[in-house]
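Here is a walk through a structure, written for someone who would rather be at the bench. Have the sequence and the 3D view open while you read.

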Protein chains: 2
Amino acid sequence: MSSESPRRSGRRRGPTATREAIATAARAQFAELGFDRTTVRGIAAAAGVDPALVVHFFGSKDALFREVLALPPEMGEAMAALAEGPREEIGRRLAYLVAAALENPVTQEIVVARIRGATSHPHAAEVVRETVTRDLHRLASALTDDQPDVRAALVGSQVVGIAFARHVARLEPLVSMSLEELAAALAPTFQRYLVEPLA
Amino acid sequence: MSSESPRRSGRRRGPTATREAIATAARAQFAELGFDRTTVRGIAAAAGVDPALVVHFFGSKDALFREVLALPPEMGEAMAALAEGPREEIGRRLAYLVAAALENPVTQEIVVARIRGATSHPHAAEVVRETVTRDLHRLASALTDDQPDVRAALVGSQVVGIAFARHVARLEPLVSMSLEELAAALAPTFQRYLVEPLA
């Protein structure tokens, strides 16, 4: 393990690759175990590095958790871009974006880590709220003046619910549904939450 | 605390009231802290009884957890009864049932304890799946032959999602919405998931 120490010579990853290996291992463990049961030692073992290196790169388990919970910036951009497309397609396009994010191993782990974390760590609940009140609210506001805050929250609740049912409770037939089937089932819900009359 | 021991004389609750006090304290703590952080000692302290009495009545923390995760039988009956009402009202009536369950302190704690538990305890994930594949599936099957399993799972995902957003992530404006506003927002979603064409 200590062969990963940056001072040693021989075959080793560079700092960027090592940092990425730690982040990948951390994401998987926070998603699988939640915040409480994940340890710096366990992450280091999975990444094949010395625990001191985890602290060197990320500071603490808490700081590492915050780092791995961030969605890739492309997600926020893709969400914002939806508002520029045809209004009658908005639900379908958001549903594909969400279903694709749940199929992608990296974003799936981020979403699951947020859900598992939200039950035990205030920061995880905070990033969930932030995604809704910032990214989804920006999308809803670009589409309508009628209660964009309620609309963003309703979309967020269905996104969290489908992620929870599929990847935490592992509820069939949701787990076995294809990206296309899932997106088709969710599209009209998002369409109504975003642009149709709410009540 | 040991004044609650059944051997002592003086002012004390009977066994039924003591059992109920323990179950109430357990429900609140599992909902607040999740399975891992809840302790028999903490439950006993909140119920004002000796920890030995918790073990006497429920056997173990695990058995107690299983006990408090059960939804009241009236919930299942109320859900089944929905199928007998007018078909065009089904979404609205289910939405009121769900919103009312989330407003009721006891059922709210059961639902939140299931969600928090599902991230760390296999039994909690199991009871979530069971409610969907048994109670919601029975309702969906009574209404249509078209993919009742998918319909039940989609309803379940939105129920879990709204409970998570409101009571775990504490997402506004969902937290502040009244029972009526929440039910009105969810009704068309449930209506489509249960009886309208899915795609």
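Let's start with the aromatic rings. In this predicted model, the count over all chains comes to 6 aromatic pairs. Take A:Phe35 and A:Phe65: their ring centres sit 4.9 Å apart and their planes meet at 55 degrees, so this pair is a tilted one. The cut-off matters here, because planes have to be over 60 degrees apart to count as edge-to-face. A:Phe35 belongs to helix H1 of chain A and A:Phe65 to helix H4 (residues 61-68) of chain A, so the pair ties together parts that are 30 residues apart in sequence. Are these two rings buried or exposed? Both A:Phe35 and A:Phe65 are buried. They also have company, since ring pairs link A:Phe30, A:Phe35 and A:Phe65 into a cluster.

Now step back to the chain as a whole. Chain A has 10 helices and 0 strands, so if you read the elements from the N terminus on, you get α-α-α-α-α-α-α-α-α-α. The C-alpha trace of chain A spans about 65 × 35 × 30 Å along its principal axes. Chain A has 199 residues, and 51% of them count as buried. What about contacts that reach across the sequence? Take the contacts in chain A between residues at least 6 apart in sequence: 68% of these join residues at least 24 apart.

Next, the place where the two chains meet. The size of an interface is often given as the accessible area lost when the parts come together. How much do chain A and chain B bury between them? The figure is about 3,300 Å², with 65% of it on carbon and sulfur atoms. Three residues, A:Thr119, A:Phe164 and A:Leu171, supply 18% of the area that chain A buries against chain B, more than any other three residues. In terms of contacts, 40 residues of chain A touch 40 residues of chain B.

There is some polar chemistry in there too. The rule finds 19 residue pairs in polar contact across the interface of chain A and chain B, counting those with both residues at pLDDT 80 or more. It also finds 2 salt bridges across that interface. One of the salt bridges joins A:Arg37 to B:Asp36, with the closest N and O atoms 2.5 Å apart.

Which elements give two or more residues to the side of chain A that touches chain B? They are helix H1 (15-37), helix H7 (105-118), helix H8 (122-143), helix H9 (148-167) and helix H10 (179-195) of chain A. The largest share of that side, 11 residues, comes from H9(A). Sorted by type, the residues of the side of chain A that touches chain B are 25 nonpolar, 7 polar and 8 charged.

Time for some backbone details. Most residues other than glycine have a negative phi, and most peptide bonds are trans. Here are some spots in this model that go the other way.

| Spot | Backbone value | Location |
|---|---|---|
| A:Glu172 to A:Pro173 | cis, omega near 5 degrees | A:Pro173 in the loop between H9 and H10 of chain A |
| B:Glu172 to B:Pro173 | cis, omega near 5 degrees | B:Pro173 in the loop between helix H9 (148-167) and helix H10 (179-195) of chain B |
| A:Gln147 | positive phi of about 50 degrees | loop between H8 and H9 of chain A |
| A:Arg170 | positive phi, near 50 degrees | loop between H9 and H10 of chain A |

As for exposure, A:Gln147 is partly exposed, with a relative accessible area of 38%. A:Arg170 is also partly exposed, and its relative accessible area is 47%.

Last stop, a histidine in chain B. You will find B:His123 in helix H8 (residues 122-143) of chain B. Its relative accessibility is 9%, and the cut-off for buried is under 20%, so B:His123 counts as buried. What does the side chain of B:His123 make a polar contact with? The partner is the side chain of B:Arg66, at 3.0 Å. If you leave aside its neighbours within four places in sequence, B:His123 is in contact with B:Arg66 and B:Leu69.

Terms used:
Residues are numbered from 1 along each chain as its sequence is written. Chains are lettered from A and ligands numbered from 1 in the order in which they are written. This is a predicted model: local features need pLDDT of at least 70, side-chain atom pairs count only at pLDDT 80 or more; totals for chains, interfaces and linings use all residues. Side-chain values use heavy atoms; hydrogens and water are left out. Contact means heavy atoms within 4.5 Å. Buried area is the accessible area (1.4 Å probe) that two parts lose on being put together, summed over both. A salt bridge is a side-chain nitrogen of Lys or Arg within 4 Å of a carboxyl oxygen of Asp or Glu. A polar contact is a pair of N or O atoms within 3.5 Å; within protein, one must be able to donate a hydrogen and the other to accept it, and residues adjacent in sequence count only if both atoms are side-chain atoms. Helices (H or I, at least four residues) and strands (E, at least two) are DSSP runs, numbered from the N terminus. Ala, Val, Leu, Ile, Met, Phe, Trp, Tyr, Cys and Pro count as nonpolar, Asp, Glu, Lys and Arg as charged, and the others, Gly among them, as polar. Rings of Phe, Tyr and Trp (its six-membered ring) pair if their centres lie within 6.5 Å; planes under 30 degrees apart count as stacked, over 60 as edge-to-face and the rest as tilted. Buried means under 20% relative accessible area, exposed over 50%, partly exposed in between (1.4 Å probe, protein chains only).
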